[in-house]
Amino acid sequence: MDQSLKELLLEQPSVSTEPLYNILRNCSYEFKTFCILNTAIELGIFDYLASPQTLESLCETLQLNTDIIRDMLAYLKELELVEESNRLYKNSAISRYYLQSNSPFSQHNVVKNLENGFKIWEKLTEIVKAGPIPAKENKFFANNLIHSLAEEALGGELPKVVGIIKELPEFVNAKSLLDLGGGHGLYSIAFTAANSGLWADVYDFPNVIEDTQKYINKYRADRVGTIPGNYFKDGIHKCYDIVFFSYNPGGKRPELIAKIHDRLNPEGIFISKHCFYRQGEDSKNLLLDIEWNLLSFEGAPKESRIYSFYGDCRLEEYLELVKNLFIIKDVIEAPAFAGQGLGKIGDALDSVLIIAQKK
Ligand SMILES: C[S@@+](CC[C@H](N)C(=O)[O-])C[C@H]1O[C@@H](n2cnc3c(N)ncnc32)[C@H](O)[C@@H]1O
């Protein structure tokens, strides 16, 4: 054996593995943790542990391998998602609230949406060579994202945003609201719950509206209607006291400002909630920029940074354009209304809530 091969085997490498292994160890543990959580949901373990159960009864009923489930339950206990006493396992408060499928706050679609995202990330090598996977915009939202966004909103942002809007005197007196690109429609459902004299229309693609109707039925929201359409191509035929426009492709495009102005009653209120880039700002989050570029939309052509589309205004430009047609009443920063981030498309990041009154 020559000297250099001997050194390779007998001496420490001159550059330590430590920084690399720190990264890889985190990946290794976090990926396995996700798999355990996702599997526990898929197997219905959190539903079964709504009442205290032994390991044996759980495995017998759900037909599961006792050795692996024993350790999975021990790990879920470490994560404080499961409690154990006298060999009986049951959900912790957080699991009862967010991981049981019958809970109104169930986050199952959020976990599924993360999993769907990981499956796209697994194709990164292919995408980097062949380009983004083309996605039909209406199918992308109708798939699982809209349900994930609904569950994320219920987790915090929805009550915060509605809490801010319901304090506006114009909201208290409003009779009609248009929820443009309203998706799940939960904002409209909550706005009509906060104002008993309000009618809200959710406007979205025809196939998304089918899901909106399911949310309307679920919450028995009898003052929420749906309008199918594409707000870039189709007309909107009614006028409203309030137009609510939240997290929409095109939400930073100048041409929709005049269209919205036109559909508002005199002194009507325009509420826009979007993630803008400020003058001179480049990237908000590199991993989310990469995620943004894994798929391409057919409808609205994307730019390379997260949430950016061709033709978007920067925040300063947008506010100037809004001022031509509206009086800006407030610009509220994300910490006052945004939910918790999940490191995926859908995070509020540094979004702003703009409240403006028609001149
Ligand atoms: C990110 S979701 C936001 C949903 C909801 N407004 C919220 O804040 O949670 C974007 C919504 O806009 C809808 N959308 C996108 N482009 C649209 C268009 N051109 N016309 C109508 N709806 C559109 C999508 O179908 C989707 O429901």
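Is Cys-313 buried or exposed? Cys-313 is buried, with a relative accessible area of 8%. The model is predicted. The protein has 359 residues, of which 46% count as buried, and its secondary structure comes to 15 helices and 11 strands. A ligand is present, and the protein buries 96% of the 590 Å² that the ligand exposes when taken alone.

**Overall architecture**

- The C-alpha trace spans about 85 × 60 × 35 Å along its principal axes.
- About 18,800 Å² of the protein is exposed, and carbon and sulfur atoms supply 56% of that area.
- Among contacts with a separation of 6 or more, 69% join residues that are 24 or more positions apart.

**Ligand surroundings**

- There are 20 residues around the ligand, and those that come nearest are His-184, Asp-204, Asn-230, Ser-246 and Asn-248.
- Helix H9, residues 137-165, gives the most to the shell around the ligand, with 4 residues.
- Ser-246 has a side-chain N or O atom 2.4 Å from an oxygen atom of the ligand.
- Asn-230 places a polar side-chain atom 2.9 Å from a nitrogen atom of the ligand.
- Tyr-231 contributes through its backbone, where a polar atom is 3.0 Å from a nitrogen atom of the ligand.

**Helix H13**

- Helix H13 covers residues 255-262, and its buried residues are Leu-256, Ile-257, Ile-260 and His-261.
- These residues lie on the same side of H13, because they cover an arc of only 140° around the axis.
- The strands that the buried residues of H13 pack against are E4 (176-180), E7 (240-246), E8 (264-274), E10 (326-333) and E11 (352-358).
- Helix H15 (315-325) is also among the elements that the buried residues of H13 pack against.

**Cysteines**

- A search of the whole structure finds 0 disulfides.
- Cys-27 is in no disulfide, and the nearest cysteine sulfur, that of Cys-35, is 13 Å away.
- Cys-27 is partly exposed, with a relative accessible area of 46%.
- Cys-313 is likewise in no disulfide, and the nearest cysteine sulfur to it belongs to Cys-275, 14 Å away.
- A disulfide needs two cysteine sulfur atoms within 2.5 Å, so the 14 Å to the nearest cysteine sulfur leaves Cys-313 without one.

Terms used:
Residues numbered from 1 in each chain as written. Predicted model: local features only at pLDDT ≥ 70, side-chain atom pairs only at ≥ 80, totals over all residues. Heavy atoms only, no water. Buried < 20%, exposed > 50% of the residue type's maximum accessible area, 1.4 Å probe, protein only. Helix = DSSP H or I, 4+ residues; strand = E, 2+ residues; numbered from the N terminus. Arc of directions from axis to C-beta. Contact = heavy atoms within 4.5 Å. Near = heavy atom within 4 Å. Polar contact = N/O pair within 3.5 Å; in protein donor to acceptor, adjacent residues only side chain to side chain. Areas by Shrake-Rupley, 256 points an atom, 1.4 Å probe, with all protein chains shown as cover.
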